[in-house]
Structure formats: structure tokens, C-alpha cells
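User: I've got a structure here and I'd like to talk through a few of its local details. Can you take my questions one at a time?

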Amino acid sequence: MTPTTAASPAPLMPALLNRESAILEFNRRVLAQARRDDVPLLERLRYICIVSSNMDEFFEVRFADYIEAVRQPGAGVSARDLATVAAEAHLLIDDQYRCFNDEVMPALKLQGIQILNHSDRNEAQRRWVDTFFQRQVRPLLVPVGLDPSHPFPQVANKSLNFIVRLGGKDAFGRENTIAIVKVPRVLPRVIRLPDEIAGTGQAFVLLTSVIRAHLAELFPGREVEAFSQFRLTRDSDLAVDEEDVANLRQALRSGLTTRHFGQAVRLEVVNTCPPELSEFLLMQFALPQAALYHVNGPVNLVRLNALIDGADAPALRFPQHDAPWPAGLSRDHSIFERLRHGDVLMHHPFESFEPVVQFLREAVEDPDVLAIKQTIYRTGSESPLMDLLIEAARRGKEVMAVVELKARFDEEANINWAERLEAVGAQVVYGIVGLKTHAKLLLVTRREDGRLRRYGHLSTGNYNPKTARLYTDVGCLTADAEMTADIDAVFQQLASLGKMRPLRQLLQAPFTLHKQMLAHIHQVADAARQGRPARIVVKINALTDVPLIEALVAAGQAGADIDLIVRGACMLPPGIAGRTDRIRVRSVVGRLLEHSRVLYFRWGASEADEALFMSSADWMGRNMFRRIEVAWPVRDAAMRQRVIDECLVPYLHDGKDAWRLQSDGSYQRIGTDGPSAQQALMTRMAAKQAG
């Protein structure tokens, strides 16, 4: 399984692209979806919300780390780098609000869906809003006037707040001029007006507008001279020293309570905020001017998802895709029986995720199934798979769950599932100290004819039925003895922490995955130098690992043809003469979030001279060295060709959703009138179902 290669000459390396800038470039591509006339209007608004959600995470995690790197000499990040990235973020966010205000919302208004400000509302609407405020909002608001005995209140991460400048004197005759109004998270941010007073179409009001119209009522006897809504973003990484805690779950649960009050990294105010108020807030949170973002609209566009979900306009959404079951599987027949005749490949969401749930359900209900083992990364707060694992434990089966408690922003859900599983007697482990368990594995052990037989499932994506309808991923059900033995060996290692035998089929990070990927790239480079066919096609979410980039550059300079389909951040600059001119990088951003990882290598003309892997890992240092990941080979020729035909070829020919990375780090849309890989696959699978 291990390719042998000769030593490669050192490549002529180009300057790599900035990772943070590459992340911002990805969000520009997402925002471009909101400007497409062929995208339904409510979905265009959804893309704007996605950009806001992505940018929140960018500041909470990436930018916070970037700031910390600037403070550390030798980290390779300068103050100039920080200023450049901050300036790019400002430009992106300004562009996002222009798209929201000047393009999407006017278009929605023409379709009878609008957000009414106070000045837009008629008398009947104002009366309804006033009643709503008095009954639902006012009882929950506690304005805080600032003075030495009323210090600035704690402001939670991404919470909605108002700062108010007051005239006159308070009830005690003092001239304290600044007050803060914290808005509880339990209040809805988007409220739909009743149809009988909405006028023509559907009308919504924002909570910020409701409060703004009634601010004066919160300060009787005072004059509201100026105000602004504001929102603070904080560093949200949970800092837990895994080596120095007795119980990781308890330590993380304690950390969840303090996460909302990490180091401040960004301040958002509306563009009408008076300078003295924004300066006061910057000083309060110890932030530089570059951390201030004036926005022309709501300070949290993510909350407009409630409008998208609440609007009655199916024609303004993507048409529903009813994913068929994979060919070769039947709802009415045993999946175990089918797997005895060979593996089953599933391409989600073009094919249904339900067989994965059914596979586990069949295992739970089958009295001959003795043990079930599963990794849990992002399964959601509600999960039929977790409910089935709990039921399996109740029925007396041996259940082992490897629950990754450090899955960012899913920590609380995973902690809750871990506690529920432990309560019914399941064996729960939290992976390996210092490593996140990101591999997606499910193993069932069944007694058959007096012996034990294993059945397994591997996937590039999470065990989450909800995201399985939105993310493209590939999964494989198998009863292959070597593959399932490897899966079992990984579970044994995660539980016992012991050394395991060499795996026969799986590649595993942090041990063999990176090494074998480099070896395959070098093998292709050697073939190119010898004049043999040499080809690499890699579909991943991110490419930031420097050794892998260097190996790809060397292979390209040796003469290999290389296509990289990288959805998000890519630090390799393609198309530089004499350095990367044989490397092409494209990104596909469409209706679905591209999430599958497919790795293809060819180093000759025969069928034996190629390898195809699917993997849970992106080509990033953290995936290769700080996570438990797996990649598995597709050895069956027909299945390998299917993966190539569905996961690689359509994306290399996409002329609608694809962008080409330029050598300077910018992207150009390849076209708008050509084929869409995602749409073609949905159509193909629907035709199979109809046939």
C-alpha cells in the first residue's frame, strides 16, 4: 500500500497566499450567490445570513488567533498583516450591507415581503407594535444608567444591546448621561405582523425597531439625545488544559459558562452612531479603531433567518429535492444481507441519508447484534442516531461512543449526549488528549452462524441527518473483513490508548495519512519525470498544509497535471510561470455546501497505476497532526469510476457555480450559463429514482 519514490529535487516555491485573506475570499464567493438573479430571492437573503454567520466565526476564532499571533514574536504575523486582513474584512462587510439594502430587500419588497421601520408603519401597525412591546418586551428590559455604583454591565458575546446618551438629570438629581439596555436572547429578533394589518403582502418588524421606537419610555423624565444598537464579538475558543484536568467533560461544561465573556475582538454599531458613543464603547472594551464596524442595518443579519423561515413564499425558495435511496438498497430488505454481496456507496444529499439511520436502527432491533461503536462529532441537539444508540444500550447491547467534546460550538450538545449515553450504561470516551476525533466511523458486530461478523460505515461528513440534506458528502457501507477490522482497531486504540497493529486499508492521522499523501504525490511526480501519465485531482475544503503544498508544487514542476477543487481557503497560488503553471485551483459555491474529500492519483497508463481515497480530513496541519482522521481506498473499479464520475468530473466542468483562483489570491467566476455539477447530480439521481 505504501508507494516507493525517489528523492525529489527542491521545488521553486512561490510565496504562499494568506490564510485569513483566503477565508475572506471564500465569503466573497458566498456573497456573490446573493447577487445571482437565478437564485430564488429568499435563498439570496439566506446567503447574506450565511456570510454573517461565517464572519462571526472568523472573528471569534480566526481573527482572535491572528491578534494573539501578532502579540507573539516569531509567530510570523506582523501588525501590517493584521491591518491588511482587518481592512479586507471591513470592505467585505460594507459590500454585504450594500447587497442587503440595495439589491435583495428592494427585490423582496417587489414580491410583497418587506421589513417595516417605525416611519414605514401606519397607525394600526404602530398600535400593534406598541401592544407587543408593552406585553412581550418591556417587562424583560432593565436599562442600566452608568455611574460609580452602576458599572458598565457584562456584555455577552454577540448579544444585542443599546447604548443611550441622556439629557437632563436622573431621579436623584445627577447628570449621569450614558445608559445601556441589554436585550435578552429569548426575545424574537424578527416579528411578523398579522396579515389583517400587514397591508398587501407580508410585513415584518425587527426587534431593534420595536425597542428603538420605545426607548424614551425606558427613561421617564429624561431626554434621549442619541443612541445606537451595538454588538460585541469575543474570542470564543474554550481554553482547557486537557493535560491538567481530571475530567474533560466537567472542565468543558464549566468553560461554556465563561465562553460568552472572552477577549473582545470586534464592535459593531449602526452607521448613525455618534462618534462619542462609539469611542466610549471602544475604550470600554479596550479595542482599537480598526475593530469598529459601522453597519447600515441590523447589527446581526444572521437573525434574518427567522424571516426566511417565516415568510410564506415557496416560489422564492429552492425547489425541494427528494433524495432517492441509493441504488442497490431497499427500504424493505435487510441492509446486512445486502452488504454480504458487496459495499454500497452513498452520495449525499443527492442520495438519501436515511439508509445510515436505517442501518443503525436495524442493528438496534436485531437480537444477533452484540455491539455498536460510533464516533460523534457534530450530530446536533436532536438526533435519531443518538436516540438509537441510547435505545441499543437500554436493550443490553455493548455500546461504545467516542464523543468529541471539543467540536467547536457543538460542545454543549455533545456533552449532553455523552451524559445521556452514560446514564443508560453506554461506554463513552472522549477521544485522545490533545487530539480531536474527527473521523466518521460506525461499526456493528453481529453473531452469524456461530461466529462474529462486522459491518461498518465510513463517511466524509457528520452523522447529522439535518446537515446531510445541505452538505455534499460520500459514505460507504461495508462488510469487508479488512476494512471493518481496521475500523475496529481504531476504536480499540481510542478506548485503550494502546499501540495497534498496522492498518491494512485505512490511513489514519496523525500517524500515516500525511505521510502517505506525500508519498502518493511524490509517486506521481516521479512518473511525470519518466514521461508517464501523471495526474492528481483533489477535492477538499481547505489547503493550508505547507508540506503538502510544497509536494504539489514539486509535482507540477515535474510535469504532472494537477487540478485542485478547494471550496474554502487555499494558500497555493496557481498559474505562476515556471512554478505553478501546471496547477489549477477552482472553488464550487452553489446551493449545497461542498464537503466531501476525494483524493485521486495516477502515475501510469494502467488501472493498477491509480489510487482513489475518500477522507474525513482536509489538507490542513490541524487535520493531519492534531486530529484523529481516516482516509479509505476505493478498490472496486466500478465504484472508483462512479466516484470519479460524480465527485470529480462534474466539478471540473462546472460552468455555473465554479470560480478559478488567480495567482494573486483573487477569484474569477468561470461562467454563469454552463452546467452546474450540483444540479446535474440532483437531476441524475432523480432520473434514477423515476426509472
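Analyst: Sure. One definition before we start: helices and strands here are DSSP runs, at least four residues of H or I for a helix and at least two of E for a strand, numbered from the N terminus. Keep in mind that this is a predicted model.

User: Let's start with the prolines. In which loop does P510 lie?

Analyst: The peptide bond leading into P510 from A509 is cis, with omega near 10°. In general, most peptide bonds are trans. As for its place in the chain, P510 sits in the loop between β18 (507-509) and α15 (513-529).

User: And the peptide bond from H348 to P349, what is its omega near?

Analyst: P349 belongs to the loop between β10 (344-348) and α11 (354-365). The bond from H348 into P349 is cis, and its omega is near -5°.

User: Now for backbone phi. Is L497 buried or exposed?

Analyst: L497 is found in the loop between α14 (481-496) and β18. Its phi is near 70°, a positive value in a residue other than glycine. The cut-off for exposed is over 50% relative accessible area. L497 has 60%, so it counts as exposed.

User: What about K158, what is its relative accessibility?

Analyst: K158 also has a positive phi without being glycine, near 60°. It lies in the loop between β2 (144-145) and β3 (160-167). K158 counts as partly exposed, because its relative accessibility is 26%.

User: On to helix packing. How are α1 and α2 oriented, roughly parallel or roughly antiparallel?

Analyst: Helix α1 (residues 19-33) packs on helix α2 (residues 41-71) with the axes 8 Å apart and at an angle of about 170°. Angles over 145 degrees count as roughly antiparallel. So α1 is, relative to α2, roughly antiparallel.

User: How many nonpolar residues are in the contact of α1 with α2?

Analyst: On the α1 side the contact includes I23, L24 and F26, and on the α2 side it includes I48, V51 and F58. Charged residues take part too, among them R19 and E20 of α1 and R44 and R62 of α2. By class there are four charged residues, three polar ones and, for the number you asked about, twelve nonpolar.

User: And which handedness does the crossing of α2 and α3 have?

Analyst: α2 and helix α3 (residues 79-110) pack at about 165°, axes 11 Å apart. The two helices are therefore roughly antiparallel. The crossing of α2 past α3 is left-handed.

User: What about V210, which residues is it in contact with, leaving aside neighbours within four places in sequence?

Analyst: V210 is found in helix α6 (residues 207-213). Its relative accessible area is 0%, so V210 is buried. Its contacts beyond those neighbours are V129, F132, F133, I191 and V205.

User: Last topic, salt bridges. How far apart in sequence are the parts that R454 and D488 tie together?

Analyst: R454 and D488 form a salt bridge, with the closest N and O atoms 3.4 Å apart. R454 is in strand β16 (residues 451-459) and D488 in helix α14, so the pair joins parts separated in sequence by 34 residues.

User: Then which of D38 and R36 is buried?

Analyst: D38 and R36 form a salt bridge too, closest N and O atoms 2.8 Å apart. At 42% relative accessible area, D38 is partly exposed. With a relative accessible area of 9%, the buried one is R36.

Terms used
Residues are numbered from 1 along each chain as its sequence is written. This is a predicted model: local features need pLDDT of at least 70, side-chain atom pairs count only at pLDDT 80 or more; totals for chains, interfaces and linings use all residues. Side-chain values use heavy atoms; hydrogens and water are left out. Axes are lines fitted to C-alpha atoms, for helices over the stretch in contact, and angles run from 0 to 180 degrees between N-to-C directions. Angles under 35 degrees count as roughly parallel, over 145 as roughly antiparallel, 65 to 115 as roughly perpendicular and the rest as oblique. Contact means heavy atoms within 4.5 Å. Ala, Val, Leu, Ile, Met, Phe, Trp, Tyr, Cys and Pro count as nonpolar, Asp, Glu, Lys and Arg as charged, and the others, Gly among them, as polar. Buried means under 20% relative accessible area, exposed over 50%, partly exposed in between (1.4 Å probe, protein chains only). A crossing is left-handed if the near helix is turned anticlockwise from the far one by less than a right angle, and right-handed if clockwise. A salt bridge is a side-chain nitrogen of Lys or Arg within 4 Å of a carboxyl oxygen of Asp or Glu.
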